[in-house]
Amino acid sequence: MMENWQELTALCETCGCSVRYAEPLRNHTTFRIGGNCGAFVSINSIETLRRVLALCREKQYPYLVLGNGSNVLAADSGYAGVILHLGHDFSGIQQKGSELFCESGATLARIGKYALEESLTGMECLAGIPGTVGGALYMNAGAYGGEMADVVVSASYMLPDGTITEIPREKMELGYRRSIFREMDGIIVGITLRLQPGNYGEIKAEMDTLMGRRRAKQPLELPSAGSTFQRPVGNYASFLIDQCGLKGASVGDAQVSTKHAGFVVNTGKATCHDVLELCDFVKQTVLEKTGYQLELEPVFVGDSEKP
């Protein structure tokens with residue numbers, strides 16, 4: 001442990017949250033890729049987050065937020081700063097009628113299960129996305145015709161100085177894989193979702209149908225970051241990549257999935273460098289053959305190798 005982490009250690013002991021040093025990011029991303037971070041703090045409350053942020057500002061520690069790591073590509077060189085993990089310890093759900101207030105570390109799968117048990121409809125399209133609700137709102141995640149913009153009412157957002165502000169959906173600038181949060185310096189801590197009363201059997205049937213489609217069409221058996229490329233205007237990345245004959249193309253253990261061309265998967269011990277090199281090859285080939293410019297969808301985490 002580095003000498004200058006002593007105050008962070010003491011603070012985490014006081015707050016009752018765990019901290020690990022030189023923690024491999026590959027253990028916390030669905031791609032199973034990434035070097036070590038300086039410190040990995042599992043946030044367990046609003047107050048813990050506020051105090052850790054204050055220490056990071058005081059000591060000038062760089063920091064990043066990580067949820068389920070499902071739409072993330074982490075650098076092989078890792079990240080020298082502090083990872084603020086908003087996960088299981090920060091995943092409470094509270095219900096008020098048809099509205100759910102969710103801490104940002106709650107997974108979409110857990111929220112979907114909760115909604116099903118309460119016969120609330122609206123989460124069917126989102127429940128199969130392997131991410132936290134905070135990360136989903138940050139990206140305005142979506143699938144099968146639905147997206148976060150359809151169900152979010154408001155969000156609580158912590159600024160770097162520890163103050164919390166409430167933002168209504170109308171001010172979030174939600175679009176395809178974008179939100180105002182991507183340009184703001186702060187952290188989503190809670191989200192209010194508005195669902196609708198529904199029929200348990202119908203909700204479950206829809207969830208089962210969509211999950212069946214995922215299993216049939218997506219390479220869920222291999223590590224990935226989900227859809228690797230954003231959807232270009234007027235077309236689909238997977239169609240263009242398949243059209244160019246790139247299914248199965250690989251660099252090292254990074255491979256364009258033979259099951260779904262829109263996914264780059266880790267077939268063994270792929271590195272971030274492998275993924276970026278393969279993605280560059282895919283982008284260049286698609287541009288030359290179709291004229292479409294593809295853009296990466298995953299968020300990059302690290303000190304170097306930025307795409």
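Trainee: In this predicted model, which side chains along strand 7 (residues 99-103) are buried?

Mentor: The side chains of strand 7 alternate along its length, with Glu99, Phe101 and Glu103 pointing to one face, where they are not buried. The residues that point to the other face are the buried ones, and these are Leu100 and Cys102.

Trainee: Which residue of strand 7 stands opposite isoleucine 93?

Mentor: Strand 6 (residues 93-96) and strand 7 run antiparallel and are joined by four bridges. The hairpin that they form has two residues between the strands, and in this hairpin glycine 97 takes a positive phi near 65°. Across from isoleucine 93, the residue in strand 7 is cysteine 102.

Trainee: What is the bridge partner of glutamate 103 in strand 13?

Mentor: Strand 7 also pairs with strand 13 (residues 187-194), in the antiparallel sense and over five bridges. Within strand 13, the residue that partners glutamate 103 is glycine 190.

Trainee: Which strands stand at the edges of the open sheet that has the order 1-2-5-3?

Mentor: This open sheet is formed by four strands, and their pairing is mixed. A strand with a single partner has one side left without a neighbour in the sheet, so the edges are held by strand 1 (19-24) and strand 3 (63-66).

Trainee: Which residue in strand 5 stands opposite leucine 66?

Mentor: Strand 3 and strand 5 (residues 79-85) run parallel, and four bridges join them. Opposite leucine 66, the residue found in strand 5 is histidine 85.

Trainee: At about what angle does helix 2 run to strand 5?

Mentor: Helix 1 (residues 6-15) packs on the sheet and touches strand 1, strand 2 (36-42) and strand 5, its direction making about 125° with that of strand 1. Helix 2 (residues 46-59), for its part, lies across strand 2, strand 3 and strand 5, and its angle to strand 5 is about 165°.

Trainee: How many residues apart in sequence are the parts tied together by glutamate 7 and lysine 59?

Mentor: The side chains of glutamate 7 and lysine 59 meet in a salt bridge, at 2.8 Å from N to O. Because glutamate 7 lies in helix 1 and lysine 59 in helix 2, the pair ties together parts whose separation in sequence is 52 residues.

Trainee: Is glutamate 23 buried or exposed?

Mentor: Glutamate 23 forms a salt bridge with arginine 20, with 3.6 Å between the closest N and O atoms, and arginine 20 is partly exposed at 35%. Since the relative accessibility of glutamate 23 is 10%, and the cut-off is under 20%, glutamate 23 counts as buried.

Technical notes. Residues numbered from 1 in each chain as written. Predicted model: local features only at pLDDT ≥ 70, side-chain atom pairs only at ≥ 80, totals over all residues. Heavy atoms only, no water. Pairing = 2+ DSSP bridges. Contact = heavy atoms within 4.5 Å. Axes fitted to C-alpha atoms, helices over the stretch in contact; angles between N-to-C directions. Buried < 20%, exposed > 50% of the residue type's maximum accessible area, 1.4 Å probe, protein only. Salt bridge = Lys/Arg side-chain N within 4 Å of Asp/Glu carboxyl O.
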